[in-house]
Amino acid sequence: MTKNNIPSKLPRLIVFDLDDTLWKYEVDCTYGPPFKFDRKNKVVVDCKGNPVELFKDVLEIFALIQTFPGTQIAIASRTTTPDWAAQVLKLYTVNELGSLHSMCSAFEMYDQSKTKHFRRIHQKTHIDYKDMLFFDDNPMNLCVEPLGVSVVMLDYDGMTMEVFLKSLQLYAENR
Ligand SMILES: [Mg+2]
């Protein structure tokens, strides 16, 4: 499957974990704010200049989702530093489309179970669990599958366009 061959049956909500899913490592293990965008290296850095590096396809994936009619994006992260995570999401931008943060319609960022995160997301968006596709790197978070959410477990490469497109295909086939 390619970007020109997107299935017609798409999830109404795509939910992303943050650490080791959208970016490498854990934002609460950095030295923290102020974060800033290093234009030369095109990466967000913490107060000591250490990078919070997005996996390479993430900006392209967020931009692609903006072309899907009726698909929203949400974040579910067990980070203990939600304000830091929000700062990083605001500093990564796609031309014309704004920041990753501005492209999301719901955020659940606190160290409690993803089941709780998803219940809150459902309450806020009124989207059925079966219409949600979730990407995460930690098998512990398969706990949301019994709700009816489609979960994709990522490996050490985090979010990639290849996995994203394949997951959309599988989602469409199973609906
Ligand atoms: Mg993670």
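In this predicted model, strands E2 and E3 (residues 43–45) pair in the antiparallel sense, with 3 bridges between them. One of these contacts is easy to find on screen: Lys36 has Val45 in E3 as its bridge partner. The two strands belong to an open sheet of 3 strands, ordered E2-E3-E4 and paired antiparallel. Strand E2 (36–38) and strand E4 (51–52) form the edges of this sheet and have a single partner strand each, so one side of each is left without a neighbour in the sheet. As a reminder, strands of a sheet pair through backbone hydrogen bonds, either parallel or antiparallel.

Parallel pairing is found around strand E1 (residues 13–16). E1 runs parallel to E5, to which 4 bridges join it, and Val15 has Ala74 in E5 as its bridge partner. E1 also pairs with E9 in the parallel sense, again over 4 bridges; here the bridge partner of Ile14 is Leu133 in E9. In a regular strand the side chains alternate between the two faces of the sheet. In E1 both faces are covered, with Leu13 and Val15 buried on one side and Ile14 and Phe16 buried on the other.

Val15 also has a place in the largest nonpolar core. This core has 38 residues, and Val15 and Val88 are those with the most contacts inside it. Setting aside residues up to four places away in sequence, Val88 touches Val27, Phe35, Val44 and Val52. Of these, Val44 falls within strand E3 (residues 43–45), and Val52 falls within strand E4 (51–52).

The helices can be read in a similar way, beginning with H4. Helix H4 (residues 161–174) has 14 residues and spans 20 Å from its first C-alpha to its last, close to the 20 Å expected at 1.5 Å a residue. Phe164, Ser167 and Leu168 are buried in H4. Viewed down the axis of H4, the buried residues fall within an arc of 105 degrees, so they line one face of the helix. Glu162, Glu173 and Asn174, on the other side of H4, are exposed. The cover over the buried residues of H4 includes helix H1 (58–65), strand E9 (132–136) and strand E10 (150–153).

H1 has a buried side too. Its buried residues include Val58, Ile61 and Phe62. These cover an arc of only 95 degrees around the axis, which puts them on the same side of H1. Strand E5 (72–77), strand E6 (93–94) and H4 are among the elements that cover the buried residues of H1. H1 and H4 thus appear in each other's cover.

Strand E10, part of the cover of H4, contains Val151. This residue is partly exposed, with 19 other C-beta atoms within 10 Å; the cut-off for a buried residue is 20 or more. Val151 and Phe135 lie 16 residues apart in sequence, while their C-alpha atoms are 6.0 Å apart in space. Apart from neighbours within four places in sequence, Val151 is in contact with Phe134, Asp136, Leu142, Val144 and Glu145.

Some backbone details deserve a look. Most residues other than glycine have a negative phi, and most peptide bonds are trans. The peptide bond from Pro33 to Pro34, however, is cis, with omega near 0 degrees, and Pro34 lies in the loop between E1 and E2. Asp20 is found in the loop between E1 and E2 as well, and its phi is positive, near 65 degrees. Asp20 is partly exposed, with 19 other C-beta atoms within 10 Å. Glu96 also has a phi near 65 degrees and sits in the loop between E6 and strand E7 (98–99). Glu96 counts as exposed, with 7 C-beta neighbours inside 10 Å.

Finally, the chain as a whole can be described. The protein chain has 4 helices and 10 strands, which run β-β-β-β-α-β-α-β-β-β-α-β-β-α from the N terminus on. Its radius of gyration is 15 Å, close to the 16 Å that the globule rule gives for 175 residues, so the chain is as compact as a globular protein of that length. The C-alpha atoms fill a box of roughly 45 × 35 × 30 Å along the principal axes. Buried residues account for 32% of the 175 residues. Among contacts between residues at least 6 apart in sequence, 66% join residues at least 24 apart.

Technical notes:
Residues are numbered from 1 along each chain as its sequence is written. This is a predicted model: local features need pLDDT of at least 70, side-chain atom pairs count only at pLDDT 80 or more; totals for chains, interfaces and linings use all residues. The expected span of a helix is 1.5 Å times one less than its number of residues. A residue is buried if 20 or more other C-beta atoms lie within 10 Å of its own, exposed if 12 or fewer, and partly exposed in between; C-beta atoms are placed from the backbone. The arc is that of the directions from the helix axis to the C-beta atoms. Two residues are in contact if their C-beta atoms, placed from the backbone, lie within 7 Å. A nonpolar core is a set of buried Ala, Val, Leu, Ile, Met, Phe, Trp, Tyr and Cys residues joined through C-beta atoms within 7 Å. Two strands pair if DSSP finds at least two bridges between them. The radius of gyration is taken over C-alpha atoms; the globule rule is 2.2 Å times the number of residues to the power 0.38.
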